[in-house]
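Me: I should like to go through the labels attached to this model one at a time and ask what stands behind each of them. Please set each value against its definition before drawing a conclusion.

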Amino acid sequence: MVAIALYALLTLFSVAMAIYDFVSGQALFGILFILSAAIFVVLLLIKGNAAFGTGIKFDGNDLQLKSWANDFLPYDVNGGILSDLIPAKTKITTIPVEEITTVLIGTKEFVKRNATNAGKKLIKALFPYEHSSSKLKKNMLNALDLLYIETTDEDCSFMCIHDYDPADVTKILKELYNQNPNIIIRVNNREYKQHIAKLQKAED
């Protein structure tokens, strides 16, 4: 939220300075500030997309995942030189609760170790990141928490839940388990383990 506010202020400042420079007859500086404003707008869109573009909902019957179309990052990873400045599109995946067999939460390596053959889809999606020439993208991916779900048809769905509130996600896990006690849930994130333990203690 701080970054979003900062980019918004910088955008407004750049626009104000561009207007001032054009009025003052300094067209070159005005153009530079317009370019700066455009960059800050794109960064604002990316940050906004990261904060508000995705989500997890459960309506009692279906689990709905709203994730980025590229599965992991809030910007386009296949858009060429300026791809890091292009906000990613989103997609929605709906999964009936009775079809869910396994839920994993953790790093990509944890998920890869605990997934079944259905995880081949995840491995394929991770390939361009793990073999990217960008160390930044590799490091970002290594630090992300993923939500991974396997279903009875041996398919899987996954999305990045980095910076999600563990308490909110854990409540959804509890609702899923209440509807389908056969679901296997595994996590390797300390915060999620703590929230799951609190829920289990409250039930006892």
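**Labels and their grounds**

Me: Why is Ile31 called partly exposed?

Reply: Ile31 has a relative accessibility of 44%, and since buried means under 20% relative accessible area and exposed over 50%, with partly exposed in between (1.4 Å probe, protein chains only), Ile31 counts as partly exposed. The residue lies in helix H2 (residues 27–52), where helices (H or I, at least four residues) and strands (E, at least two) are DSSP runs numbered from the N terminus. The model is a predicted one, in which local features need pLDDT of at least 70 and side-chain atom pairs count only at pLDDT 80 or more, while totals for chains, interfaces and linings use all residues. Residues are numbered from 1 along each chain as its sequence is written, and side-chain values use heavy atoms, with hydrogens and water left out.

Me: How many helices and strands does the chain come to, and in what pattern do they follow one another?

Reply: The chain comes to seven helices and seven strands, and read along the sequence they follow the pattern α-α-β-β-β-β-α-α-α-β-β-α-β-α. Of its 204 residues, 38% are buried.

Me: What makes E1, E2 and E3 a sheet, and which of them stand at the edges?

Reply: Two strands pair if DSSP finds at least two bridges between them, and seven bridges join E2 to E3, which run antiparallel; one of them links Gln64 to Thr94 in E3. The three strands form an open sheet in the order E1-E2-E3, with antiparallel pairing. E1 and E3 are the edge strands, each having a single partner strand, so one side of each is left without a neighbour in the sheet. Neighbouring strands here are turned by 15° against each other on average, direction ignored; axes are lines fitted to C-alpha atoms, for helices over the stretch in contact, and angles run from 0 to 180 degrees between N-to-C directions. H6 packs on this sheet and touches E1 and E2, its direction making about 30° with that of E1, where contact means heavy atoms within 4.5 Å.

Me: In what order do the four strands of the other open sheet stand, and how is their pairing described?

Reply: The order is E6-E5-E4-E7, and the pairing is mixed. Strand E6 (156–160) and strand E7 (184–187) each have a single partner strand and stand at the edges, so one side of each lacks a neighbour in the sheet. Neighbouring strands are turned by 10° against each other on average, direction ignored. Strand E4 (residues 100–106) and strand E5 (residues 146–151) run antiparallel and are joined by six bridges, including that of Ile100 with Thr151 in E5. Helix H4 (residues 120–130) packs on the sheet, touching E5 and E6, at about 40° to the direction of E6. Helix H6 (residues 166–179) also packs on the sheet, touching E4 and E7, and its direction makes about 165° with that of E4.

Me: Which residues touch the most other members of the largest nonpolar core?

Reply: They are Ile56, Leu63, Leu147 and Leu176, in a core of 21 residues; a nonpolar core is a set of buried Ala, Val, Leu, Ile, Met, Phe, Trp, Tyr and Cys residues joined through side-chain atoms within 4.5 Å. Strand E1 (55–58), strand E2 (62–68), E4, E5 and H6 each give two or more residues to this core, and H6 gives the most, with four residues. A second, separate core of 19 residues includes Phe72, Leu122, Ala125 and Cys156.

Me: Why does Cys156 count as buried, and how many disulfides does the structure hold?

Reply: Cys156 has a relative accessibility of 1%, which lies on the buried side of the cut-off, so Cys156 counts as buried. Cys160, at 5%, counts as buried as well. A disulfide is a pair of cysteine sulfur atoms within 2.5 Å, and the structure holds zero of them.

Me: What is phi near in Asp71 and in Glu154, and is each residue buried or exposed?

Reply: Most residues other than glycine have a negative phi. Asp71, in the loop between E2 and strand E3 (90–96), has a positive phi near 80°, and at 11% relative accessibility Asp71 counts as buried. Glu154, in the loop between E5 and E6, has a positive phi near 60°, but at 68% relative accessibility Glu154 counts as exposed.
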